[in-house]
Each structure stands twice: as structure tokens, then as C-alpha cells.
Number of protein chains: 2
Amino acid sequence: MNFQSHKSLLQIRLGKKIALCFIVCANSLWIHAQEITSPNKNISLKFELKEGGVPSYQLSYKQKAVIKPSSLGLELQNLPSFMDGFTITNTAQSSVDDSWNPVLGEEKTIRNNYNELVVTLAQAKNNNRYIRIRFRLFNDGLGFRYEFPKQNDLSYFVIKEERSEFNLAGNHKIFWIPGDYDTNEYAYTTSKISEVPSLMKKATIEINSQWPIKELSVQTPTMMKSDDGLYINIHEAGLINYPAMYLEVDAVNNKMKSHLAPDAVGAKGYMQTDAQSPWRTIVVSDKATEILASKLILNLNEPTSYKDVSWIKPVKYIGIWWEYFVAGKSTWAFGKENNVKLTDDFTKLTPNGKHGATTERAKEYIDFASKNGFDAILIEGWNIGWEDWIGNWKEEVFDYVTAYPDFDVKAVHAYAASKGVKIIMHHETSGSATNYERRLDRAFQFMNDNGYDAVKTGYVGKIIPRGEHHDGQWMVNHYINVAKRAADYKIMIDSHEAVRPTGLHRTFPNWVAQESARGTEFESMGGLAPDHTTILPFTRLMGGPMDYTPGIFQTDLSYYGTGSSQRVNTTLVKQLAYYVTMYSPLQMAADIPGNYERFPDAFQFIKDVAVDWDNSYVLEAEPGDYITIARKAKGKDAWFLGGITDENARTANITFDYLPAGKKFIATIYADAKEANWDKNPQKYTVTKVVVTSKTILKQYLAPGGGVAISIKEGNASELKGLKKL
Amino acid sequence: MNFQSHKSLLQIRLGKKIALCFIVCANSLWIHAQEITSPNKNISLKFELKEGGVPSYQLSYKQKAVIKPSSLGLELQNLPSFMDGFTITNTAQSSVDDSWNPVLGEEKTIRNNYNELVVTLAQAKNNNRYIRIRFRLFNDGLGFRYEFPKQNDLSYFVIKEERSEFNLAGNHKIFWIPGDYDTNEYAYTTSKISEVPSLMKKATIEINSQWPIKELSVQTPTMMKSDDGLYINIHEAGLINYPAMYLEVDAVNNKMKSHLAPDAVGAKGYMQTDAQSPWRTIVVSDKATEILASKLILNLNEPTSYKDVSWIKPVKYIGIWWEYFVAGKSTWAFGKENNVKLTDDFTKLTPNGKHGATTERAKEYIDFASKNGFDAILIEGWNIGWEDWIGNWKEEVFDYVTAYPDFDVKAVHAYAASKGVKIIMHHETSGSATNYERRLDRAFQFMNDNGYDAVKTGYVGKIIPRGEHHDGQWMVNHYINVAKRAADYKIMIDSHEAVRPTGLHRTFPNWVAQESARGTEFESMGGLAPDHTTILPFTRLMGGPMDYTPGIFQTDLSYYGTGSSQRVNTTLVKQLAYYVTMYSPLQMAADIPGNYERFPDAFQFIKDVAVDWDNSYVLEAEPGDYITIARKAKGKDAWFLGGITDENARTANITFDYLPAGKKFIATIYADAKEANWDKNPQKYTVTKVVVTSKTILKQYLAPGGGVAISIKEGNASELKGLKKL
């Protein structure tokens, strides 16, 4: 279907069910209900005006209800609401089927195929003030948004609350974290919707700078599974100049509704026409693998306006980082003092003797990176201010341009450049975004001057402007400002503790990755549940790449003799599998170099694995249980596969039909040993080279909390010789 | 007196009244009361600990009570207060008598002469946490501040409220404006302290973005006069990293106490040791002239740390400005639209045909400035964004680097440079300080690139970060950040709608002037009372220079035929006098050039008058009634005198004893004509040249709402010939 006017549409559909509505609702200028289907006809969306002119939509998948009739609208501050009193003054339908190429991604080419319905809704009682609701129905789900066109009687308005309802068809299984304006680093709870209220208190564990929402709510991406086998994911796309959305939960009636993060004075969005909300997304399928493969959120984001993207590159890196969490021997801070100011002379501090980011240490890491083919090293703790950076709601925490006395920026850069290694800058803000913004040009200029082309940003702490939240409109704009300004300096961004992603890496492709969830660092602080990483791809990663920082080989942290009894709750091989299952074009090998040197055969996978891809194949998946994904390296005849399981052992069914037919390939299989186990025996693994073809089927054992990793390449006759065929 | 230890002090004072306290309070390690006097012995300060370890001070002038015993202290958030439970653990006295030279000023050299008392106060109940209170007693008054030294148990704290009391000795006459967190542009009310409550509602007139304080309060500088003839001025000095202070008024007991501006979450100051409050200042004298001559506030500010100040220069300027208020024919905005974004293409707007800041208009002003010897012209409305800049709490209002389509920055700069005239940049922020800060480096670089060396900043509107106030700690730091960053680019700042000044132009001498009070613009919006400018030097100007924008010759605004019945409530000559009575090293001739061309003889005074001075002489003054000041131009044998009166005619008693003795000088006297009157006949004046000597005494008539202006220079024999000797 191509663009067609409302009139032609009416002609096409007259005599069908639309006509009935047309007669029933004859008091209106236009029809009161509209229905569209997805290109493959599996999904159907119906929009209608309910009694009182209330907008409503419903969504079904293969005739099963996904969203029962649900109201749409917004309440405004000091203005009549956009909740009711609407009439439909125009509708338009269109179809799109095209494709585009992301700068970095899981697929070289992404198909963008949807049918669209745009409804214009006017309020006669408010001087015909009007909005539009735009629905885009893909084969993998629905996106809709509110649009506020420029018009005489609507220029500026403030949102009191968005009231988008998501009335679910049953008491689904739900994978959730508590709604919170300031953190998304909660552990996941798996329950029925009806159980959310009773589990909320337990789920709301203590986290730095948290601000749990008073109203019962969960964060998006929210992953659900219905009793009749539908997988449903609710999130948003293109979060720009608007607060993040949470879902308030009516656990009795299986209803959810939007709840926006407020600002310092309780407002939820300062809007100026033309304006629009982000897209509200509902990805749905009867196959869990199709949820992971969905590109709906990316498709709903705007193409980038960057003219030159040649400087945006995938990065595999190591860093002076994990040792701060586990080794107990090094610190971000240089001095013993716990009260410092940027105006202090840091050469006068009393060295604590444990400062991690020294020139010498940096050179060791550079040597290791260079020797093992890493693109870059991250160095945290290089800059002054760490002595009392946290917990004081302090504004002038860091200046981003002054190194500690024992870190020589120029020398480190020169050494790194001589070894062909980049340094990743670190800009922890301590939540003081105002301080960061006013220093941004200088900080980025400093990076340009000293050869840095990527920065890890951090927002640990209560936000300044005080009263603002990590997920509020002001901070949402802040992260984007940072990305845009970084682009002026050809700098890539990896943000930590920022609002969770919504596919904006399409629009701002230098915002290459984010943390924005409970990542590896928490393995040193209580550990992550073995099923955590089987959930993250269905939740957090729906929005975009995650800098999960995998690759921990030394999982028993008592190893360091610091008295810690913590452990990383995976087998060693599962850490390898993450390089494939946890997509990111910026991927860390997070462990301390010495640990990689102890396991050189396993480390080979990390050295080999790609981080940017031509194609991805989700072979198996069940949220909370397992995921198996294969991917083809960007521009190379090399494939990598990762499979993970939760706390239960399982046998993965691995196919190879994505390989070119008729050829033989060498597969190096990194597998849990039979006796391996995440909590008792994590470092037992086997590395086996075998021959595979596109027809090979592998039943692969995964230990409890374990995984499998496979690298596949073409092999010539001599390489293949002597290898067993699977 | 020089530095002396506490022990020697005890030896000196033992046997006097201090000894009594020492015995009475024997439970303490140290004495409980301390007394110091001003260098000239006129003023006496007593500090003591009251029952419960409550700090208290009292102040007297020539044995008259100025401040009766008043408590000092602070309440903290989530920590025990600094209100009581103190013991004195140390005291120290010292004296200073030196001098310094301001970069720009009313005096070439300023004497800094005080006796100091520092009391260290510890709280045994709080682990001996301690503070210091530092008192500096000058011949013209007292400054004191709280100091929070670095110590083990005190690094970070948040002020809930400062509780400094100012218990006055009577029901004084008071010149006041209502306490307000966001504006200081109120008209003054003159009343008894006891009348403040009943007059508050009337005094709280409507002003853009006002936030009147709930508690009955007035703003500082607060000017008072006691029944027994003492002039008392309360303000603060060195307002850095702290909120502005207001005075809560107990109108029954004549008591005042400090009240700080809160931040977005209600906190009143985020402190990190070492830290200190600003100085609380009490200037006192039995002569009103000595209040105006006081340099106490400047002396309490820190010397500048700027190495090079050669680029900071006095500026006399005209501007495309007053026509926006009165002529009704020009606007800041270029387009007719009332909904624009910085991302819009402004060449596509519909021109409103009234845009003021065009290239052509700028050239006309440049011609006028060049012809008449002005240093610079201010051009407001040159940059995109004015169509909807106000009232929308919009963040991205201006970008500071993009001109309207009809204003050619390069061409205007080239033309101005060819004529030896500078352009003053205009950075209105609409209160969106975050937007300004993140663009500051680029805005200042743009100024450097295009030949601007001074900028008028503006803060009309509700502050962003939302919830912050113009006078809160965050904005206080913002204004200073702007000044410091401007210094990096050798740019001078003239801030409008910022927090009122506290002498920081000593520390940041490129922050050359501020508005921060009800200035000339209000003459076009209701008018200023004829006594307004006889009060301002006793209030607003105590803190620093005011960009009052005087020089309005066409005072009857019906002249413009726009239907306005407004008028500037002065005679023409009073406008001339302002160039001397309203001190500023950045001084505007605010009227439209055409009006100056109509009164060339009066305009000559504005062309001649200096704006930077070697010496100033306050000849006569009474707050609310009259002021007469003479000043010697910096580095020149030229003197200028201004005298003003309120709505009443008066005869000024003008002396010339500041002129070198034994010489004859030519005085050009700009005087109100006998029939002149501010409201009926403002433009009648005489210009007379006479000969004066240091012994001359002139009884000069000032019309109701009128003034007098005199320029004095040495004259050679031929010039003196024929002139009448006064």
C-alpha cells in the first residue's frame, strides 16, 4: 500500500466493517474507528474514539489480544487536558518498505517495513486545538506517538502526566525492575503481574541515589510472556526532549499506564510545538527469538544527520577498572584525604599508595592491549577529584582536564600511540551534569589535544541541577547534548548510569554504547543471578547496546586474598558467550590482564571475537532461561556464536545454516566441562576444534550458570586436516 | 594594635570588665566576652557567649546602640546546628592599616583600616566540631562572617538557615524593598520599621518572575535612620558560593534576622570546609555622607587574582535600547511569529518590519558614537530567538552566536572598528542559565572573533535550572562563573537582573557593573518616584556600580506619538547629575541620538563627564531627599559634580575645596531653570560658565525632581577672560 488520501481509503473499505462505524458515528465529520494490520497481516491495530471523545487503541497478534482497548491522552499543567472531547478531523494511512544501514550494528542492513495510521484529533471545546496520534505497525509490533503540530492556539505547554494505557490480556509472567527516577541498576524479578505488589519491597534493593516511584510501577523495557505463549515487550523509542516513561501497574486488572519522570518542580515535560512524544513500542511475537531480533525500536528512531561517520568505529578494549572492584589494591583516588577541592594543589596530597591510574600501570595495560590486539584501554581515576567524589551532592567534583601528579597524560598518549593503542577517556560526573556541561567544550578539546577519541561518561550520584532526576527531561536532553557536542569533536560516547537507551544510537551513532542496567560491576557487590543475562537482552538491550563489561575469568573473588567472599555467578565460558549474546560495538575485556594470561586458550576467543556485525541469528531464546545467538563479523567471513543458560544446565541446539552452503569451516568450541558449575567449578572448560558445515547440528552441553562460545572461520585443506567433523 | 596572642590580650585586659566575665564563666577554658573598637574608637563591638553557649554580639557608635545583643549561628540539614553549646576555645585580635588601588573606581586608592577579632567556638557536645566568627571593625562599620575550617568531623554540610540577628535599637526610618528570591527591581518604600507589615502588600508590586518571600522580609542593602540621627546600612560583602541574604523583620521588636535564598529542594547552601559565609556588613555613621563614602564592603572583598587587568577599561556608551521601550517603532524580535526554535531557519520568518538591530541602524549609532566620543554602542536584539523569548520557561532560547538575517556581524564590526568604536555584546538568557553556561565558551569565542570586548548579560525570567532562584547559591556561582570565564577571553561583564552586588568587582574586576535594581527602563513602565535615585546610592549602590542607564532628555514619552502617557520623572538636568551621583565605570547615555541632537549644550556634559575617578567627595546627602557629589576624573585635572533632589526643590550647598588651592577653574554649570519642574517643565535649564576656586561656595537652586551638574577644568588666561567669578 502506498500513500493514499483519506477519501480513497474510504472508497476501498466502504461496505466492510468500517462502514458500520461510519453510520453509527454519523454525528462526527469523520469515521470513529480505524484499523490497520502489519505487512504480514499477523498484527492488527484498531483505533477508535470512545464515549466522550476519548482516544482508544487495541492490538492483537494472530487474533490473540495483546492490548485490550486502552485509552490514550495527556494531562497538562494549567491547560485543558488532551484526554477527551476529541473528534477525528482527519486520518491518513500509508506504507513504507525500505532499508537502511546502521553505522555499527547487529545487521549490516535493516529493513524498515510498516503500515502507518495517523489520526488527527481536535477538541471543539478548546477552540479546535488538535493533536495527532501516529501508529506504525510492523511485523514485529507497534509504535505510536503523540504529535503536537504548530497551531495558533498551541505553542507552549507543560505535561502534567502522560496517560497512555496498556491494558494487557492476562496475568502475564513479567520480568521487571522497580520504577525509579534515578537508577535502572536493579536486579530483575520474575513473577506474575499479580505478584508485583507483594514483591515490590523486596525488589527495591538499596542502590546509590535511587528514587523509587511512589506509585506501584516497573521500568521499561518490560518483558512479558502470556500463558498462551505470546512474548510482549513494552518500551519506547526516540526519547528526545521528554522524560523517560515507566509503567504504573494495576496488578488486579493487568493494566499498565504511562508514568513520566518529573523535574525539580514536579513538571513532566516542557513542550513547544511542533513537538512529539517518543514512540511507545510494543514488540510482540509468539517466538522469543523474534523479540531479540526485532529492529522496531531502531526503525522508529530518526536517521542520523551526521554527514561524516567515518570516525565512529567499533572498539574492543581493556581497562584499569575491574581491579578497583576486586583486587583491593588500587583506588581511583590518589590521596588519603577525604576533603579536596579542584582548587587544591593535588601534588600536596598524601599519596594513599594505591592509586590505580599511574603512568607505569597505564603503560603495562598498553603493552597488554597492543600484544593482544585490543583497540584501546580505558583508564579510570586519571583525573583529580576522586578523594571525595561521591555522596556529597557536590557540584565542582571534577574538571576533566587535570591529571593526578602520578599520571602523565602526554607520556601515556605518546606511548599508546607508539603501540597503536587508543586511550578511552573517563568522565565521571558524580551526577553533576551542570559542572560537566559548562566544562564540556574544554574537556573535549583536551581529548582532541591528547589523542582520545572515545569517552566513558558516568553519572553516579544525585543529579545537579538539584531536584532533577537521571531520567527526567532535563537529563535526557543533557545526554543528547553531550553526544552531539562530542560529535563536533569526533568523539564517541559510552555512557554509564544514564537513562536507558531507546535506539538513539541510530540518530547519534557516536553514542555507541551505554551501561544503564545492572552490569558486571555488581558481580563484585553481591553478584548477579545466573539468569540475569538471559533477561537483559529481552529488557535493557532492546533499547540499544550495553557496555556490560564481560570477560571475567577469575570469578571467585576470594582469589585476591582481600577477604572478599564475592563471586561472579557464571562459568568462565559463559563470560566468553557474552561477547555474542550481549551486543555492543564497544566491548570490554574487563578482567585484569594477569587473569587472561592464566587462561590463554580461552582468552583467544576474546581476542578473535568481532564486535560489529553483518548479520545476527537468534537461534534459541527464552527469557530467564537461555539464549543462543550466532553472528557474522562485519565484512569478514568469520562467525561467532554465544549460548548461555541460567542456573540450570541445558543442551543447546545449535544450527549452522547461516553458513554458506557447501563449504567446510573450522569451528573452535569453547565449552563448559562436564563437571563445570558457576558456583563450585567455574573454570573447567574445553577448547575443541572441529569441522562444521551449514548442515551441522550440534547438541551442546551448558553447565549450570554456564555457556558456550564458538568461533567459526573458513579453513583451507591443511587447516582442516586432522580435524574431526561434527 | 598589632597581632598579639590571646595570652598577651588577657594580660592587657585583666582587671577590667573582661576579668569579671573570666571569673563568672570559670567553667570555660577561655574568657566569654571580647570587645574591640574601631581604629578611631567611635565604634565598639562586644562579642560574648550567652546562656547555653549561644554566640552574641552588640555594636555601638559613639556610645549609641546600633545593634543590641544579637545571636549568631546557623541551622544545618541532618546535622546538629551551629546555634548553641559553644565554648570559646581561642580568640585572636589584630589590626590592619593598608591601602590598595581598584582597577576602576570612585577612588584611586582605598584605605583598608580595621581592628579584627576572631573567635573560635567549639561544641563539646558535637565532638568538638568548631567554627570561627571573624569580626572586622572599621571606622565606618562592622563586617563579620562565619568560617568553617577544615577539620576531621566537618567536611560537608548543608545550611538549613543562617540565624544572624540584627536587633536594632529603635523603630528606625527604613528605606526598603520586599524580600524576593528572584527580583530586586521593586520601588522603594520609606517607612518606620513598625509600618513594614502594613505596607508590604502595597510594596510588593507585580514584577516579572517575582518570588516574594513568605516570611515578612526586606532586601539588603537595607538603609535605616534612627531617631537620634544614626545612619545604618546592613548588607553583605563577598557573596561567593552562598545564597543571598534577606532580613526577616520583627516589626514589633525592631529585630531583623538573616534569611537565605533556597535552592530547588529548599536547601540554603552546600558547604565544604574550608568554607566561610559572606561578610555581614553594618555601615554606620552620624553623617549620611559617610555612608555613601564607605568602602567597607569593597575592603571586605578579596583582592583580584587576575594577573593582567589592562584590558579592563571604563566605558561610556550609547545603545540600540531605549527605543525598544519608548519609541514604539522598533523591537528586539525580527519576525512576526510567536513560536520559534533555534533550529528554525530565521531567514524564512515573516519580518515584522520593526526590527531595531539592523546593520543600517547599527551604522547610524556607530556614526553618532564616533562623532560624540563614546567608547561603544550596545546593540540589543541582534541575535535570533527574541520572537518568544519571555514567559515560557524555555531552555534553548538563544544561541549567542547567530545573528538575525538583517544584522551583519562582520560588517558592523568592520564599520565600528573603522570609526574607533566598540560594540557591546548582548547576552539575554531569559533566565536560562544552563543554556548560557553550556554555550559560554562558544559565545565568548564568537565575541573574540568579532571584536567585542564587553557583554551585557540579562536574566529576565524564571531561572533554569528549574526551581533555582536568581539569588540562590547556584545562580550566585553562575554569575561568578560567567565573570571568571569571561576573564579568560578578556571580556567585561555588565549583568542585568542578577543578584545585587556585594563588592565582587574588586575580586572580579571585569564584572564592571550590574543593574540589579529598578533602573531607567521602569521610567517607561509607570515611572520612578522622584526620590528613587536619592535612595539607590544608599541601598543598591552600596554593593557596587549600577548600570542605571541615565541620560534621558526626552522625558515626556507622549512625544513619540505612540499613545504613551508615561514620563521620566526628572528634569533634564537631573539626568545629567546622575552621571556623577550614580557611580558606574560603565555608563550609558541611554536616550535616542536624535534627542541629544536637540539639546547639544546639555549633551556636552555627557560627552565630557568621566566614568572613572581618582577621588570622590560626597558633599551633601540625605537618603530619600538629596545627594551632592563631586569627583575628580582618573588621571586628569578635571572634576565633575552632580546634585539631585527628590520631588522638592532645594538649594544645594556646593563647595569646591577639593580643587587645588590658589588656582582658577572654569566651571560649566548645568542647572534647572527657575520654572523647571520634573512633571510639568523638565527641559528648562541653563548652562553657565563661571570661574571658581577652592574657596568658592555655591548656593545652587534645584527644581522639584531636579538636579545640577557641573564640569570643572583648569582654564588658561584667555579661556578665563570674560567669565564671571562665582
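Here are some notes to help you find your way around this predicted model of two chains, A and B.

1. **How the two copies are arranged.** A good place to begin is the relation between the chains. Chain A can be laid on chain B by a turn of 180° with a shift of 0.0 Å along the axis, and the RMSD of that fit is 0.0 Å. The two copies are thus related as by a two-fold rotation axis. If you would like a landmark for that axis, look for Arg438(A): of the residues of chain A, Arg438(A) comes closest to it, with its C-alpha at 2.4 Å.

2. **The extent of the interface.** Next, the contact between the chains. On the chain A side 38 residues are in contact with chain B, and they meet 38 residues there. About 3100 Å² is buried between the two chains, and 41% of this is on carbon and sulfur atoms. Three residues are worth picking out: Tyr156(A), Arg438(A) and Arg466(A) supply 21% of the area that chain A buries against chain B, more than any other three residues. Arg438(A) therefore appears both here and as the residue of chain A closest to the rotation axis.

3. **Matching surfaces.** Do the copies use the same or different surfaces to meet? The interface residues of chain A are, to 100%, also interface residues in chain B, so the copies meet through the same surface.

4. **Polar and charged pairs across the interface.** Between chain A and chain B there are six salt bridges. In one of them, Glu437(A) pairs with Arg438(B), and their closest N and O atoms are 2.5 Å apart. Polar contacts between the two chains link 30 residue pairs, counting those with both residues at pLDDT 80 or more. Strand 19 (270–272), helix 9 (433–449) and helix 10 (473–488) of chain A each bring at least two residues to the side that touches chain B. Helix 9 of chain A gives the largest share, six residues. By type, this side of chain A divides into 17 charged, 12 nonpolar and nine polar residues.

5. **Annotated regions of chain A.** UniProt, in an unreviewed entry, lists three domains that you can follow along the chain. The record places "Glycosyl-hydrolase 97 N-terminal" at residues 36–303 of chain A; this span is 50% strand and 7% helix, with its end C-alpha atoms 25 Å apart. The record gives "Glycosyl-hydrolase 97 catalytic" as residues 321–517 of chain A, where the chain is 31% helix and 13% strand and the end C-alpha atoms are 18 Å apart. For "Glycosyl-hydrolase 97 C-terminal oligomerisation" the record has residues 612–713 of chain A; that span is 60% strand and 0% helix, and its end C-alpha atoms lie 16 Å apart.

6. **A salt bridge linking distant parts of the sequence.** Over all chains, the whole structure holds 74 salt bridges. One to look at is Arg631(A) with Glu106(A), whose closest N and O atoms are 2.8 Å apart. Arg631(A) sits in strand 30 (residues 626–633) of chain A, while Glu106(A) is in the loop between strand 6 (86–100) and strand 7 (110–123), so the pair ties together parts that are 525 residues apart in sequence.

7. **Backbone points to check.** Most residues other than glycine have a negative phi, and most peptide bonds are trans. A few places here deserve a look with that in mind. The peptide bond from Ile464(A) to Pro465(A) is cis, with omega near 25°, and Pro465(A) is in the loop between strand 25 (454–458) and helix 10 of chain A. In chain B, Thr273(B) and Asp274(B) are joined by a cis peptide bond with omega about -20°; Asp274(B) is in the loop between strand 19 (270–272) and strand 20 (275–276) of chain B. Finally, Gln63(B) is not a glycine, yet has a positive phi of about 70°, and you will find Gln63(B) in the loop between strand 3 (54–61) and strand 4 (64–71) of chain B.

How values were computed: Residues numbered from 1 in each chain as written. Chains lettered and ligands numbered in written order. Predicted model: local features only at pLDDT ≥ 70, side-chain atom pairs only at ≥ 80, totals over all residues. Heavy atoms only, no water. Contact = heavy atoms within 4.5 Å. Buried area = accessible area lost by both parts, 1.4 Å probe. Salt bridge = Lys/Arg side-chain N within 4 Å of Asp/Glu carboxyl O. Polar contact = N/O pair within 3.5 Å; in protein donor to acceptor, adjacent residues only side chain to side chain. Helix = DSSP H or I, 4+ residues; strand = E, 2+ residues; numbered from the N terminus. Nonpolar A, V, L, I, M, F, W, Y, C, P; charged D, E, K, R; others polar. UniProt positions renumbered as here; feature names shortened; annotations may be inferred. Least-squares fit on C-alpha atoms with pLDDT ≥ 70 in both.
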